[in-house]
Amino acid sequence: MAADLSQIVKAYDVRGVVPDQWDETLAELFGAAFVQVTAADAIVIGHDMRPSSPGLSRAFARGAAACGADVTEIGLCSTDQLYYASGALNLPGAMFTASHNPAQYNGIKMCRAGAAPVGQDTGLAEIRELAERWLESGAPEAAPTPGTITRRDTLEDYAAYLRSLVDLTAIRPLKVVVDAGNGMGGHTVPTVFAGLPLTLVPMYFELDGTFPNHEANPLDPANIVDLQKRVREEGADLGIAFDGDADRCFVVDENGDPVSPSAITALVAARELAKNGGAGTIIHNLITSWSVPEVVRENGGTPARTRVGHSFIKAEMARTGAIFGGEHSAHYYFKDFWNADTGMLAALHVLAALGGQDGPLSALVSQYDRYAGSGEINSTVDDQASRIAAIRSAYEGRDDITLDDLDGLTVSAADWWFNVRPSNTEPLLRLNAEARDEATMAKVRDEALAIIRG
């Protein structure tokens with residue numbers, strides 16, 4: 001019977017504990033399987049700063065080269081830097097990272113040429129099947145002529161490409177605190193920000209995959225406390241936090257207050273629409289704020305609503321020709337970046353918007369942050385389906401209520417909405433609620449939680 005890799009091959013990537021759940025032997029098989037499934041004769045590979053990343057990455061390269069593919073290793077990089085290399089070189093790519101997970105984890109994010117995602121329905125299931133078969137029967141037969149493994153530095157080219165997409169020539173001097181969380185932002189930020197009129201205050205730029213200061217997950221409020229404090233101490237214009245592989249960014253204003261990722265989505269959407277002549281499709285998932293589609297329409301664009309998750313966003317970006325997409329998880333997707341997500345490009349847009357006018361960030365984003373939101377609230381439940389059914393029963397049939405099953409269950413009224421979605425990997429229900437004022441939001445949130453946890 002073949003080995004079962006279901007615990008580490010997820011919907012969008014490979015992720016698990018090293019060496020308990022996977023190791024370099026398995027990474028080598030994944031490299032061979034990746035080449036076979038993509039039919040690639042050349043690939044590009046990058047990795048983050050985790051202790052296990054260089055070895056896993058090199059093992060993957062050996063497996064790929066043994067199957068005849070030429071491998072370009074770009075070494076230490078952010079995930080969006082790997083996407084840049086995949087797009088610019090037009091090669092399938094593999095990024096070794098577990099994003100914001102603890103140090104003992106590692107993973108692989110894979111893409112086809114042009115940074116097109118590889119997920120369960122687009123090759124990942126086949127990669128898993130091949131690796132399972134080879135674990136049982138032995139490694140695949142080597143190609144008559146093995147591929148080469150060469151090194152290439154793409155950091156300067158990546159930084160120059162990002163800066164070419166945002167006009168930063170006229171911005172005023174800004175003081176910005178950046179918390180890299182000991183992740184890859186500490187590697188990329190100095191090069192991307194070089195030459196800009198910025199006073200950079202670095203926090204935790206030392207690359208350390210054991211994350212000695214805090215988890216590299218800026219969506220958890222506990223992990224931005226240091227950044228908020230430092231912004232206030234420094235009198236900075238803003239603060240930016242990156243996650244472990246620096247593909248997501250989170251922003252705080254000059255007061256140290258968090259800026260909603262929905263507000264950042266709306267701000268960047270307005271800028272991308274202006275750049276595109278005041279027209280274009282903007283993708284947003286169904287838990288982003290009402291403010292996002294409103295701002296898109298006000299700026300001449302067409303909003304398109306999707307399920308939560310990067311595979312849905314990227315597929316809809318490709319289908320509609322959208323110019324930009326944003327998620328409330330602080331993932332931001334750009335047509336000019338091969339429809340891939342890049343927190344760094346979103347950060348440059350924020351700097352350009354703030355530096356292009358004289359007011360503080362809090363005033364700038366207030367026009368994009370119009371409603372009261374709950375944030376995501378997780379509840380452990382025994383039976384996800386029965387709890388969602390109970391919510392449906394409580395609200396369906398009311399004239400003032402609309403129910404929507406696009407992703408979990410969304411319940412909407414004139415002045416509020418909430419969405420309940422099941423986790424794919426844990427016995428959790430995720431609640432997001434929003435209303436026109438704080439009191440209404442709290443009431444709606446508490447009513448929904450009472451049913452979920454009842």
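How are α3 and α5 oriented to each other: roughly parallel or roughly perpendicular?

Before solving that, some ground rules. The model is predicted, with local features needing pLDDT of at least 70 and side-chain atom pairs counting only at pLDDT 80 or more, while totals for chains, interfaces and linings use all residues. Residues are numbered from 1 along each chain as its sequence is written, and side-chain values use heavy atoms, leaving out hydrogens and water.

**Exercise 1: work out the α3/α5 packing.**

Step 1. Helices here are DSSP runs (H or I, at least four residues), as are strands (E, at least two), numbered from the N terminus. The axes of α3 and α5 (residues 155-164) come within 10 Å and cross at roughly 90 degrees. Axes are lines fitted to C-alpha atoms, for helices over the stretch in contact, with angles from 0 to 180 degrees between N-to-C directions.

Step 2. Angles under 35 degrees count as roughly parallel, over 145 as roughly antiparallel, 65 to 115 as roughly perpendicular and the rest as oblique. So α3 and α5 are roughly perpendicular to each other.

Step 3. Now grab the contact (heavy atoms within 4.5 Å): α3 brings Asp 80, Gln 81 and Tyr 84, and α5 brings Leu 155, Asp 157, Tyr 158 and Tyr 161.

**Exercise 2: find which side of α10 is buried.**

Step 1. Use these cut-offs: buried is under 20% relative accessible area, exposed over 50%, partly exposed in between (1.4 Å probe, protein chains only). In α10 (residues 310-320), Ile 313, Lys 314, Glu 316 and Met 317 are buried.

Step 2. Those residues span an arc of only 165 degrees around the axis, so they sit on the same side of α10. The arc is taken from the directions from the helix axis to the C-beta atoms.

Step 3. Flip to the other side of α10 and you meet Ala 318 and Arg 319, both exposed. The cover over the buried residues includes α3 (79-89) and β13 (281-285).

**Exercise 3: classify the Phe 60/Phe 96 ring pair.**

Step 1. Rings of Phe, Tyr and Trp (its six-membered ring) pair if their centres lie within 6.5 Å; planes under 30 degrees apart are stacked, over 60 edge-to-face, the rest tilted. The structure holds 16 such aromatic pairs.

Step 2. Phe 60 and Phe 96 are 5.4 Å centre to centre with 75 degrees between the planes, hence edge-to-face.

Step 3. Phe 60 belongs to α2 (residues 53-66) and Phe 96 to β4 (residues 93-96), 36 residues apart. Phe 60 is buried at 0% relative accessibility, and Phe 96 is buried at 0% too.
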